[in-house]
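Visitor: I would like to practise reading strands and helices in a model. Could you take me through one, feature by feature?

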Amino acid sequence: MIMAYTPAEDRYKKMQYRRSGKSGLQLPAISLGLWQNFGEADDMNVYRQTLRTAFDNGITHFDLANNYGPPGGSAEINFGKIFHEDFTAYRDELIISTKAGYYMWPGPYGEWGSKKYLVSSLDQSLKRMGLEYVDIFYHHRPDPNTPLEESMAALDLIVRQGKALYVGISNYPADKAAEAIKILKQLGTPCLIHQPRYSMLDRWVEKKDTSAKKNLLEVLDANGVGCIVFSPLAQGLLTDKYLKGIPADSRVGRKLPNGALTENGLDTTVLKKVTALNELALQRNQTMAQMAIAWLLKDKRITSVLVGASSSKQLLNSIASLGDISFSAEELKKIEKILK
Ligand code: NDP
């Protein structure tokens, strides 16, 4: 028997909210992603509890994509099931996103960025989740072979059809992002947000793009577009869990498919850096994970940090990073030295 769910009354006191660029939409400083841990092989009791813990702590944003699972589609199905059991009364308090861009079905219309693919994929996602609309729909990755005008026109169409309230782009380099933002503006459907990978161990968003003459964060800031960053813990590498071997129940230990962290990602140079960072985190009275999240949130241009979690306990640990997101100049210098 599943106990009926009543969310914590004080949930909005526990979270900080940040405006996405110059839009009207505020997002929680920490959002929950369902890429891993919500698939067919995962434990429904665990992910139900993780979703409840998230909302009880003011996490109003759940991030999905057509291909999340594994297998692809199963995270949306599982989320839909729990949404209908626990969250329907709270639909207007939730920001649910999905994406399309990666491989989803065979043939020429099952991936990338054609209007045919993007529109069909969102229809499928809505069906899997049992939703009438999503709050944010993303183009998941740039398509080198489809005109950007076509992919952006598809996003504009989807909003006009009422299937998404806002649109975003993900994994677009700075120059392509600037172009996409411009096209969307001309179409009258502004780009709400960009979703790039960003962590202490992957700082491409800070690197100047020669053709855009700015880095991605500067492009987004100049255009009033928000930024929600994924894999802030480098899939668990920026925690203390791999410092003494590979736990069997970890992402690496479980040998997951589709781009999940593997043993190859745990080389000695990286582990040495994480060991030094972990010491610094402990001096700040934080866990390694908390310091990694705080380090991203110190930048006001970051609208939200999109974490994954394989348990409620982990999620609570990550949320507690909000207790201290400031760094002294000396701490920042030490971090730069370690990361060099
Ligand atoms: P993270 O970097 O946050 O990694 C999450 C993993 O780290 C967890 O599964 C868990 O690993 C471990 N972990 C989390 N919190 C803690 C903690 N407090 N202490 C110790 N370990 C912890 O993010 P993800 O890589 O999972 O990505 C987050 C979300 O970003 C995705 O769910 C998705 O929504 C989005 N994303 C978007 C992409 C895109 O192309 N747009 C690509 C990838 C992700 P373990 O399982 O080992 O316990």
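Guide: Gladly, and keep in mind that this is a predicted model. Let's begin with one pair of strands: E9 (residues 226-230) and E10 (residues 304-307) run parallel and are joined by 3 bridges. Within this pair, Val-229 stands opposite Val-305 in E10.

Visitor: What holds such strands together in general?

Guide: Strands of a sheet pair through backbone hydrogen bonds, in either the parallel or the antiparallel sense.

Visitor: Which strands close into the barrel, and in what order?

Guide: The barrel has 8 strands, in the order E3-E4-E5-E6-E7-E8-E9-E10, with parallel pairing. From one strand to the next, the twist averages 30°.

Visitor: Let's look at E7. Which residues stand opposite each other there?

Guide: On one side, strand E6 (residues 134-139) pairs with E7 in the parallel sense over 5 bridges, and His-139 stands opposite Ile-169 of E7. E7 is also joined to strand E8 (residues 191-195) by 4 bridges, again in parallel. There, Ile-169 stands opposite His-194 in E8.

Visitor: How does the chain get from E7 to E8?

Guide: It crosses through helix H5 (residues 174-187), and this β-α-β crossover is right-handed. Another right-handed β-α-β unit is made by E6, helix H4 (residues 148-160) and E7.

Visitor: Why is E7 described as largely enclosed by the rest of the structure?

Guide: Because 6 of the 7 residues of E7 (residues 164-170) are buried.

Visitor: Can we try a single residue in H5? Is Ala-174 buried or exposed?

Guide: Ala-174, found in helix H5, has 25 other C-beta atoms within 10 Å. The cut-off for buried is 20 or more, so Ala-174 counts as buried. Leaving aside residues up to four places away in sequence, Ala-174 touches Asp-209, Ala-212, Lys-214, Asn-215, Leu-216 and Val-219. As for Leu-32, 142 residues apart from Ala-174 along the chain, the two C-alpha atoms are separated by 25 Å.

Visitor: And how should I read a pair of packed helices?

Guide: Two packed helices are described by the angle between their axes and the distance between the axes. Here, the axes of helix H7 (residues 268-283) and helix H10 (residues 329-339) come within 9 Å and cross at roughly 165°.

Visitor: What does that angle tell me about their directions?

Guide: Angles over 145 degrees count as roughly antiparallel, so H7 and H10 are roughly antiparallel to each other. H7 passes H10 in a right-handed crossing. At this contact, Lys-273, Ala-276, Leu-277 and Leu-280 in H7 meet Glu-331, Lys-334, Ile-335, Ile-338 and Leu-339 in H10.

Key: Residues numbered from 1 in each chain as written. Predicted model: local features only at pLDDT ≥ 70, side-chain atom pairs only at ≥ 80, totals over all residues. Buried ≥ 20, exposed ≤ 12 C-beta atoms within 10 Å, placed from the backbone. Helix = DSSP H or I, 4+ residues; strand = E, 2+ residues; numbered from the N terminus. Pairing = 2+ DSSP bridges. Right-handed = clockwise from strand over helix to strand, strands pointing away. Axes fitted to C-alpha atoms, helices over the stretch in contact; angles between N-to-C directions. Parallel < 35°, antiparallel > 145°, perpendicular 65-115°, else oblique. Left-handed = near helix turned anticlockwise from the far one by under 90°. Contact = placed C-beta atoms within 7 Å.
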